[in-house]
Amino acid sequence: MDKTGLYGRIAKEIAAVNAGETSMIARYATACCLLNGAFPQFYWTGFYLVDPLKPSELVVGPYQGTLGCLRIPFGKGVCGTVAASGKTVLVEDVHKFPGHIACDSKTMSEIVVPVFDKAGALAAVLDIDSTDLATFDAVDQAGLEAICKTLLL
Ligand code: SME
């Protein structure tokens, strides 16, 4: 199966597991678990959530992988850049991204995708880190953005 097909299959699995589930934590947990298991080079897959008590800060949510940093201010690192801009960022080589926050030296490339609520406000970002350089392309972006659109109720 090609990558587009794989993302389609994972999207269906996430929707099936999350059907009827109203807890956002549970819905995010399903997505990061199924995505992390689908590609061998994904070793950190998870969500940073906008902190309702500090709306210009992200706080770690459900994830799979090694210990992640707990908080990221908007504008810092890849996740904070996406939180500030509301646009997906693909990083082919994290060592060349100014201000990249290195939670684990295994990270070589990453993608961060914004998650919006039904009113269009940023709710979270999805961060996927890869052990390989240049893992992510437009197919990953399209597949992950489509999945992120289905997460919020
Ligand atoms: N690499 C991220 C930080 C989060 S961890 O990698 C889990 C960034 O620069 O935003």
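Start your tour inside the protein, at its largest cavity, which has a volume of about 150 Å³. What you have on screen is a predicted model. Counting cavities of 30 Å³ or more gives 1.

**Stop 1: the cavity walls**

Select Ile101, Cys103, Glu110, Asp127 and Asp129. Of the 18 residues lining the largest cavity, these are the closest to its centre. Now colour the lining by class: you should get 10 nonpolar, 4 polar and 4 charged residues.

Next, switch to the cartoon view. Which elements supply at least two residues each to this lining? Look for β1 (42-51), α3 (77-85) and β6 (122-130).

**Stop 2: the guest**

Show the ligand as sticks. Where does the ligand sit? You'll find it in the largest cavity. The elements giving two or more residues to the shell around the ligand are β1, α3 and β6. The largest share of that shell comes from α3, with 3 residues.

**Stop 3: the neighbours**

Time to select the residues around the ligand. Try them in batches:

- Trp44, Tyr48 and Ile72 are among them.
- Gly77, Val78 and Cys79 also belong to this group.
- So do His100, Ile101, Cys103 and Glu110.
- Asp127 and Asp129 complete the set.

Colour this shell by class too, and it splits into 7 nonpolar, 2 polar and 3 charged residues.

**Stop 4: polar atoms up close**

Zoom in and draw some distances between the ligand and side chains. Begin with histidine 100: one of its polar side-chain atoms lies 3.2 Å from a nitrogen atom of the ligand. Move to glutamate 110, where a side-chain N or O atom is 2.9 Å from a nitrogen atom of the ligand. Then pick aspartate 129, which has a side-chain N or O atom 2.8 Å from an oxygen atom of the ligand.

Finally, turn on the protein surface. How much of the ligand's accessible area does the protein cover? On its own the ligand has 300 Å² of accessible area, and the protein covers 99% of that.

Note on methods
Residues numbered from 1 in each chain as written. Predicted model: local features only at pLDDT ≥ 70, side-chain atom pairs only at ≥ 80, totals over all residues. Heavy atoms only, no water. 1 Å grid on protein atoms, 1.4 Å probe; cavity = no way out; pocket = protein on both sides within 12 Å on 5 of 7 lines; lining within 4 Å. Points joined across faces, edges and corners; volume = space filled by probe spheres on them. Helix = DSSP H or I, 4+ residues; strand = E, 2+ residues; numbered from the N terminus. Nonpolar A, V, L, I, M, F, W, Y, C, P; charged D, E, K, R; others polar. Near = heavy atom within 4 Å. Polar contact = N/O pair within 3.5 Å; in protein donor to acceptor, adjacent residues only side chain to side chain. Areas by Shrake-Rupley, 256 points an atom, 1.4 Å probe, with all protein chains shown as cover. Sits in = over half its atoms within 2 Å of the grid points.
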